[in-house]
Amino acid sequence: MPPSICEVCKDARAAVIRPKNSQKICKQCFLSVFEQEIHETIVTSKLFHRGERIAVGASGGKDSTVLASVLKTLNERFDYGLDLVLLSIDEGIKGYRDDSLETVKRNAVQYEMPLEIVGYDQLYGWTMDQVVSQVGKKGNCTYCGVFRRQALDRGAAKLGIKHVVTGHNADDVAETVMMNLLRGDLPRLARATSIVTSSAASEIKRSKPLKYAYEKEIVLYAHHKKLDYFSTECIYSPEAFRGSARTLIKDLEKIRPSSILDIVRSGEDMAALVPPEVGGATPCAGDGDDATTGCGAQNSNADSMAQMERNLVANEAAADREIEITLPSDNMTSNGKVNSPAVVSREKKPRPRKKIVKQVMGQCERCGYLSSQKVCKACTLLEGLNKSRPKTSIEVGMEDEEGSTTMMRQVAAMEITAG
């Protein structure tokens, strides 16, 4: 059997088959093509501007390690003029995070980047080990995710940095799209699919340079570049809902390799139909070279969404004028006459539709962090932990939570037990 020839350079023996497009390619060409694709994503989306300080969210895993390596390479090759800093979050998980932080410390030396580590215990007074001991393993990822997002911003603010980049890849974005579809969370879909997210309520923005890179290709890049990274899964993650979405997408990928990017693109198309005031954070916010693409698509589709709403209202109004023919259950009436079919007017009540909840991003009245509610989820979770009531629902606002009958029954039961 003749050796496979690289489809790029046409000379070398192909050593890699790209998961994204099944292209046969040699190792050196793969590394070059992968880096060029990331560069095109950065340039097309206008992610950075010269002289900008960038905090790279570093966990020690393959995604953040590849991100740091690629950004360092591209920054030098194309002269971005960026000041790169590694920012790590210590969740306080013994046997996992403490080991991965050692990897990050080695990366800081290898890439010659400053490193800042921010811990949950410093910010919240709780480590994840303590949280799990309190709430159990089911649902603990909610606490960790909420705390980590806020910790990254607080760490960046501590360093005086206004731009954080994360290692989210195409698989991660596809999983998030699938999770939001399964939950029917359209407002969050707009924020999850954007390559840049920012808000007027916060000076710090986020971006995802690896958004269109497959996870398998990231692993291949780390392997062929011989990067130093930590590969152990979090010991508390198996119960996460994201794992179910990941399994579903992996099954789809076996049948159709392009399904990951197809889901990402579909999520982008659906998010474009969400008016900015519904989506919350303005993904296309920015000034000058910081502005990302896609704003025009969202604005132009706002009229389409409004037209859809008008059509639905018109259909519901027309339902009131419908009539139906009814037949009596018995053909004979009490006086012995045969009933004939009667045309009966029917007032049809419009079926209630689930309304899209508008989210306006502001600041938490307690900690000042970005939030679509008066009190952010982190403060709500901390309040539950500190009151030894960790299972308090966080999916509703504080006003609804305090006024719910379920909550009043729980409080009453606690008072009875205490007495």
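In the predicted model, Tyr80 is buried, with a relative accessible area of 13%. This value falls under the 20% limit for burial. Phe78, at 32% relative accessibility, counts as partly exposed, because that class covers values between 20% and 50%. Phe78 and Tyr80 form an aromatic pair with 6.3 Å from centre to centre and 20° between the planes. The pair counts as stacked, since the centres of paired rings lie within 6.5 Å and stacked planes are under 30 degrees apart. A buried residue, Tyr80, is thus paired with a partly exposed one, Phe78.

A further stacked pair is formed by Tyr124 and Phe147, whose ring centres are 4.4 Å apart and whose planes meet at 25°. Tyr124 belongs to helix α4 (residues 120–124), whereas Phe147 belongs to helix α6 (residues 140–159), so the contact ties together parts that are 23 residues apart in sequence. Both residues of this pair, Tyr124 and Phe147, are buried. Tyr124 and Phe147 also take part in one aromatic cluster, together with Tyr120 and Tyr143. In total, the structure holds nine aromatic pairs, including Phe78 with Tyr80 and Tyr124 with Phe147.

Burial was also examined in helix α8. This helix spans residues 186–193, and six of its eight residues are buried, so α8 is largely enclosed by the rest of the structure. The buried residues of α8 are Pro187, Leu189, Ala190, Arg191, Ala192 and Thr193.

Notes: Residues numbered from 1 in each chain as written. Predicted model: local features only at pLDDT ≥ 70, side-chain atom pairs only at ≥ 80, totals over all residues. Heavy atoms only, no water. Phe/Tyr/Trp six-rings, centres within 6.5 Å; stacked < 30°, edge-to-face > 60°. Buried < 20%, exposed > 50% of the residue type's maximum accessible area, 1.4 Å probe, protein only. Helix = DSSP H or I, 4+ residues; strand = E, 2+ residues; numbered from the N terminus.
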